[in-house]
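This report describes a protein chain together with a bound metal ion. Please keep the sequence and the model in view while reading.

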Amino acid sequence: MSKPQDIVTKLLNNNRAWAEEVRIADPDFFERLKAQQSPEFLWIGCSDSRVPANQITGLMPGEVFVHRNVANLVPGEDMNSHSVIQYAVEALKVQHIIVCGHYGCGGVKAALHGDRLGLVDYWLTGVRELRDRESEALAAMPDDAMRHDRLCELNVIEQVRNLSNTLVVRRAWSSGQPLELHGWIYRVEDGLLHDLGMRSNSAEQAAKLCAAAREQTLKAH
Ligand code: CO
């Protein structure tokens with residue numbers, strides 16, 4: 001009698017089946033990837049298991065360079081995200097950086113409520129500061145679900161703004177390298193992405209569109 005498959009073995013078996021499927025559809029697929037990755041996109045998203053970058057955008061291995069952390073942040077002092085951004089822009093020459101948040105984000109919720117959870121509290125400092133800066137508008141919203149949604153959006157806007165101020169992005173723009181920033185938000189309940197309207201390819205445009213997106217978000221209740 002065969003033993004029931006354990007859940008981790010199942011992943012390895014899934015992988016065999018997946019690789020086989022890809023090979024059948026495109027026999028040279030893996031060989032081509034071996035040579036070099038040349039993704040056009042850098043994705044900066046939340047670690048949340050419900051928001052997998054490749055799957056929700058229909059992209060294959062090799063098509064998107066991915067960085068994920070709790071609450072999709074780009075804090076100035078974070079070596080991890082900034083190393084990823086530098087490599088993506090300067091070595092891979094990605095043409096688009098997408099910051100993607102999601103409604104219902106647990107990190108944003110913890111920051112909104114000032115929950116004390118441990119190490120992640122340090123990580124979320126910037127989101128708590130954002131909450132405090134927007135406290136008047138947030139307090140005027142009818143309920144907590146609304147505050148949470150809006151803070152998820154404001155957080156994406158803030159991260160696009162941070163990104164537009166980084167040395168790496170500024171240097172790309174001033175040297176004429178094509179590079180567009182985008183701020184999106186994903187709704188876990190329906191699987192749909194929404195563009196928050198910050199598609200920008202210059203510092204001036206980013207500043208203008210981030211300010212407009214913030215106004216729009218604060219009006220939307
Ligand atoms: Co999240």
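## The metal site

In sequence, the residues that donate to the cobalt ion follow the spacing C-x55-H-x2-C. Donors are N, O and S atoms within 2.8 Å of the metal (3.2 Å for Na, K and Ca), and sites may look incomplete because water is not among the atoms. The cobalt ion is held by Cys46 through SG, His102 through NE2 and Cys105 through SG, at 2.0 to 2.3 Å. Distant parts of the chain are linked by the pair of Cys46 and Cys105, which are 59 residues apart. Cys46 belongs to strand β1 (residues 41-46), whereas Cys105 sits in the loop between β3 (96-102) and α5 (106-113). Helices (H or I, at least four residues) and strands (E, at least two) are DSSP runs, numbered from the N terminus. Cys46 and Cys105 are both buried, a word that stands for under 20% relative accessible area, with exposed for over 50% and partly exposed in between (1.4 Å probe, protein chains only).

The model is predicted: local features need pLDDT of at least 70 and side-chain atom pairs count only at pLDDT 80 or more, while totals for chains, interfaces and linings use all residues. Residues are numbered from 1 along each chain as its sequence is written, and side-chain values use heavy atoms, with hydrogens and water left out.

## The chain as a whole

The protein chain has eleven helices and five strands. Its C-alpha trace spans about 60 × 55 × 30 Å along the principal axes. Of the 221 residues in the protein chain, 42% are buried. A contact means heavy atoms within 4.5 Å. Among contacts in the protein chain between residues at least 6 apart in sequence, 62% join residues at least 24 apart.

## Cysteines outside the metal site

How many disulfides does the structure hold? It holds zero, a disulfide being a pair of cysteine sulfur atoms within 2.5 Å. Cys152 is in no disulfide, and the nearest cysteine sulfur, in Cys105, is 5.5 Å away. Cys152 is buried, at 2% relative accessibility. For Cys210, the closest cysteine sulfur is that of Cys100, at 15 Å, which is too far for a bond. Cys210 is buried as well, at 0% relative accessibility.

## Nonpolar cores

In soluble globular proteins, nonpolar side chains tend to be buried together. A nonpolar core is a set of buried Ala, Val, Leu, Ile, Met, Phe, Trp, Tyr and Cys residues joined through side-chain atoms within 4.5 Å. The largest one here has 47 residues, of which Leu42, Ile85, Ile97 and Leu163 touch the most other members. Helix α9 (residues 144-164) supplies the largest share of this core, seven residues. Another core, of eight residues, lies apart from it and includes Val64, Cys100, Trp184 and Tyr186. When residues up to four places away in sequence are not counted, the contacts of Ile97 include Leu42, Ile85, Leu163 and His182.

## The largest pocket

A pocket is defined on a 1 Å grid over the protein atoms alone, as an open set of points where a 1.4 Å probe fits, with protein on both sides within 12 Å along at least five of seven lines; lining residues have an atom within 4 Å of a point. The largest pocket has about 210 Å³ of space, the volume being the space filled by probe spheres set on the points, which are joined across faces, edges and corners. Its lining has 17 residues, and Pro75, Thr125, Gly126, Val127 and Asn162 are the closest to its centre. Two or more lining residues come from each of α6 (120-123), α7 (125-133) and α9. The most are given by α7, with six residues.

## Selected residues

The table sets out four residues with their places and accessible areas.

| Residue | Place | Relative accessible area |
|---|---|---|
| Lys34 | helix α2 (residues 29-35) | 66%, exposed |
| Asn69 | strand β2 (residues 64-69) | 9%, buried |
| Ala71 | loop between β2 and α4 (79-91) | 0%, buried |
| Asn72 | loop between β2 and α4 | 2%, buried |

Lys34 and Glu21 are 13 residues apart along the chain, and their C-alpha atoms are separated by 18 Å. Leaving aside neighbours within four places in sequence, Asn69 is in contact with Gly45, Cys46, Ser47 and Trp123. Cys46 is also one of the donors to the cobalt ion.

Most residues other than glycine have a negative phi. Ala71, however, has a positive phi near 70 degrees, and Asn72 has a positive phi near 45 degrees.
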